[in-house]
Amino acid sequence: MEQYKGAPFGELSPHVFAVADASYRAMVNEHKSQSILVSGESGAGKTETTKLIMQYLTYVGGRTVGDDRTVEQQVLESNPLLEAFGNARTVRNDNSSRFGKFVEIQFDTNGRISGAAIRTYLLERSRVVQITDPERNYHCFYQLCASGGQDAEKYKLEHPSHFHYLNQSKTYELDGISNAEEYVKTRRAMDIVGISSEDQEAIFRILAAILHLGNIEFSPGKEHDSSVIKDQKSSFHLQIAADLFM
Ligand SMILES: Nc1ncnc2c1ncn2[C@@H]1O[C@H](COP(=O)(O)OP(=O)(O)OP(=O)(O)O)[C@@H](O)[C@H]1O
């Protein structure tokens, strides 16, 4: 990053840091907002490229070490958080973003980061209830199931193979990634971006309730067009889902 800081565009090897640096300089010199459009097919590297741009902008526009770097940290930690809830394994990419995003980083007149905002678009919602092998549902579900003594037990969660919304595909693990460790990272990111512990609790309760809802099965009732809970197992999941939604 140091190498690209202030270097004339085109002088060094092509790199996303050069693009980020050119737009940062243009903003500082011309006092005009700049946009960088990251496009490409699935797996092309948009998510990773965007993270590198954000890393570079927090590097050139961040405060010096020792000062309060909360905003910079929040900008960077928004990535693991959004990925936990909006990324999933697809046939083309183990960490495919299933939504679009507009990341806005605001700077003060000295070129220092003063704030950030992220808008997300069109999350692929159908994935929550339907997946095909070898794809996966959103990372957050596997992370929560792997949270062990923490939330998994509290919410009566077991291995993903016990839940219909996850076991439609037999892929539960990702190469080189620990669901349990990712859960800890997601929780830390939530703390850093400022999500209160009550809100975090509410979010994970809803995730767990969704998994239990997916295990409720119905069978035809005695009345015409009626249905009843199929068995004891379904009743158990219904009861837990209802409790969690309360
Ligand atoms: N700069 C990079 N250095 C090393 N590996 C990279 C880099 N960019 C992308 N990759 C690899 O390619 C994979 C896919 O990249 P990424 O998730 O950024 O793609 P994408 O374009 O955002 O895909 P999608 O549209 O599916 O979200 C990454 O998980 C990583 O393994």
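**Exercise 1. Find which residues UniProt lists under "binding site", and place two of them in the fold.**

Step 1. The unreviewed UniProt entry lists Gly40, Glu41, Ser42, Gly43, Ala44, Gly45, Lys46 and Thr47 for "binding site". UniProt positions follow the numbering used here, feature names are shortened, and annotations may be inferred rather than shown by experiment. Residues are numbered from 1 along each chain as its sequence is written. Keep in mind that this is a predicted model: local features need pLDDT of at least 70, side-chain atom pairs count only at pLDDT 80 or more, and totals for chains, interfaces and linings use all residues.

Step 2. Ala44 sits in the loop between helix 1 (16-30) and helix 2 (46-61), and Gly45 lies in the loop between helix 1 and helix 2 as well. Helices (H or I, at least four residues) and strands (E, at least two) are DSSP runs, numbered from the N terminus.

Step 3. Are these residues buried or exposed? A residue is buried if 20 or more other C-beta atoms lie within 10 Å of its own, exposed if 12 or fewer, and partly exposed in between, with C-beta atoms placed from the backbone. Ala44 has 13 other C-beta atoms within 10 Å, so Ala44 is partly exposed. Gly45 has 13 C-beta neighbours inside 10 Å and therefore counts as partly exposed.

**Exercise 2. Describe the residues around the ligand.**

Step 1. The ligand is surrounded by 13 residues, the closest being Gly45, Lys46, Thr47, Glu48 and Ser96. A residue is near a molecule if its C-beta atom, placed from the backbone, lies within 6 Å of it.

Step 2. Helix 2 and strand 2 (96-97) are the elements that give two or more residues to this shell. Helix 2 supplies the largest share, 3 residues.

Step 3. Sorted by class, the shell has 1 nonpolar, 9 polar and 3 charged residues. Here Ala, Val, Leu, Ile, Met, Phe, Trp, Tyr, Cys and Pro count as nonpolar, Asp, Glu, Lys and Arg as charged, and the others, Gly among them, as polar.

**Exercise 3. Work out how helix 2 packs against helix 3.**

Step 1. Helix 2 and helix 3 (residues 70-86) pack at about 170 degrees, with axes 10 Å apart. Axes are lines fitted to C-alpha atoms, for helices over the stretch in contact, and angles run from 0 to 180 degrees between N-to-C directions.

Step 2. Helix 2 and helix 3 are therefore roughly antiparallel, a label for angles over 145 degrees.

Technical notes. Angles under 35 degrees count as roughly parallel, over 145 as roughly antiparallel, 65 to 115 as roughly perpendicular and the rest as oblique.
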